[in-house]
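Welcome! Please take a moment with the sequence and the 3D view below, and then we can walk through some of the details together.

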Amino acid sequence: PLPTPRDFIRETRGVAATEAALVLPFLLALGGGVLEFGMMYHQMQLMETGVRDAARYLARTPNPSGVESAAKLLAVTGAVTPGAPPRVRTWETGHVTVAYRSVANTRPATGSRPYRGGDIVEVVRVETSAPYAGLGFLALIRL
């Protein structure tokens with residue numbers, strides 16, 4: 001005899017395979033997104049550490065403009081001498097910018113200065129941005 005629709009409803013063979021086929025694309029997309037986000041966050045942390053190292057290096061030198069190229073190299077590679085690999089594959093010293101600003105460090109009525117140092121303090125600002133290559137999962141879903 002031919003099976004009826006009621007027989008198909010009661011049939012349990014292949015249910016797990018069907019459910020897996022329906023859920024697997026969503027699980028792969030979720031796993032790929034988590035992996036891509038984790039890689040992007042890790043690279044962002046490496047770049048933040050490099051910029052912080054460069055700013056600290058410049059802040060501790062008597063003439064920051066004289067060692068600006070070494071500070072940029074320190075940000076990108078973690079070393080002030082050439083030859084070390086970059087912290088992030090797509091990050092180059094050209095992506096790092098350094099700006100200086102002179103700030104009056106006058107003593108207010110309370111008696112303590114806002115910054116350590118003399119009457120004029122040079123504030124150093126280090127910024128960067130670099131293209132994110134990643135695994136390509138975000139580009140695959142057009143993000």
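Let us begin with Gln43, a residue of helix α2. Please keep in mind throughout that this is a predicted model. Is Gln43 buried or exposed? Gln43 is buried, since its relative accessible area is 16% and the buried class covers values under 20%. Setting aside the residues within four places in sequence, Gln43 is in contact with Val88 and Tyr132.

**Along helix α2**

Helix α2 covers residues 15-59, so there is more to visit here. Leu30 also has its place in this helix. Unlike the buried Gln43, Leu30 is exposed, with a relative accessible area of 56%. Leu30 takes part in a nonpolar surface patch of about 500 Å², together with Leu22, Val23, Leu27 and Val34.

How many aromatic pairs does a search of the whole structure find? The search finds 1 aromatic pair. Its partners are Phe37 and Tyr41, whose rings are stacked, with 6.3 Å from centre to centre and 20 degrees between the planes. Both residues belong to helix α2, and because they are 4 residues apart there, about one helical turn separates them. Phe37 is exposed at a relative accessible area of 54%, while Tyr41 is partly exposed at 44%.

**Helix α3 and what covers it**

Our next stop is helix α3, made of residues 68-77. This helix is mostly covered, as 7 of its 10 residues are buried. Which residues are the buried ones? They are Ala70, Ala71, Leu73, Leu74, Ala75, Val76 and Thr77. The cover over these buried residues includes α2 and β1.

Helix α3 also holds a salt bridge partnership, as Lys72 and Glu68 both lie in this helix. They are 4 residues apart, about one turn of the helix, and their side chains meet in a salt bridge with an N to O distance of 3.7 Å. Glu68 has 22% relative accessibility and therefore counts as partly exposed. Just after the helix comes Gly78, which takes a positive phi of about 90 degrees.

**Salt bridges across the structure**

How many salt bridges does the structure hold? There are 6 salt bridges. The table lists some of them, with the distance between the closest N and O atoms.

| Salt bridge | N to O distance |
|---|---|
| Glu11 and Arg13 | 2.8 Å |
| Lys72 and Glu68 | 3.7 Å |
| Glu127 and Arg125 | 2.6 Å |

The surroundings of these partners are worth a look too. Glu11 is partly exposed, with a relative accessible area of 35%, and its partner Arg13 is exposed at 71%. In the bridge between Glu127 and Arg125, Glu127 is partly exposed at 38% and Arg125 is exposed at 53%. Elsewhere, Asp53, Arg56 and Arg87 are joined into one network by salt bridges that share partners.

**Thr90 in its loop**

Thr90 sits in the loop between α3 and β1, where β1 spans 96-104. What does the side chain of Thr90 reach? The side chain of Thr90 reaches the backbone oxygen of Pro131, at 2.6 Å. When neighbours within four places in sequence are left aside, Thr90 is in contact with His95, Ala130, Pro131 and Ala133. Pro131 therefore appears both as a contact of Thr90 and as the owner of the backbone oxygen that the Thr90 side chain reaches, a distance that lies within the 3.5 Å limit for a polar contact.

**Glu122 in strand β2**

Our last stop is Glu122, which has its place in strand β2 (residues 120-128). Glu122 is partly exposed, with a relative accessible area of 44%. Which residues does Glu122 touch, not counting those up to four places away in sequence? Glu122 touches Tyr100, Arg101 and Ser102.

Glu122 can also be compared with Tyr132, which stands 10 residues along the chain from it. The C-alpha atoms of Glu122 and Tyr132 are separated by 32 Å. Tyr132 brings us back to the start of the tour, as this residue is one of the contacts of Gln43 in helix α2.

Note on methods: Residues are numbered from 1 along each chain as its sequence is written. This is a predicted model: local features need pLDDT of at least 70, side-chain atom pairs count only at pLDDT 80 or more; totals for chains, interfaces and linings use all residues. Side-chain values use heavy atoms; hydrogens and water are left out. A salt bridge is a side-chain nitrogen of Lys or Arg within 4 Å of a carboxyl oxygen of Asp or Glu. Buried means under 20% relative accessible area, exposed over 50%, partly exposed in between (1.4 Å probe, protein chains only). Helices (H or I, at least four residues) and strands (E, at least two) are DSSP runs, numbered from the N terminus. Rings of Phe, Tyr and Trp (its six-membered ring) pair if their centres lie within 6.5 Å; planes under 30 degrees apart count as stacked, over 60 as edge-to-face and the rest as tilted. A polar contact is a pair of N or O atoms within 3.5 Å; within protein, one must be able to donate a hydrogen and the other to accept it, and residues adjacent in sequence count only if both atoms are side-chain atoms. Contact means heavy atoms within 4.5 Å. Patches are made of residues with over 30% relative accessible area and no salt bridge: like charges are joined within 9 Å, nonpolar side chains (Val, Leu, Ile, Met, Phe, Trp, Tyr) within 5 Å. Accessible areas come from the Shrake-Rupley method with a 1.4 Å probe; for residues, only the protein chains shown count as cover.
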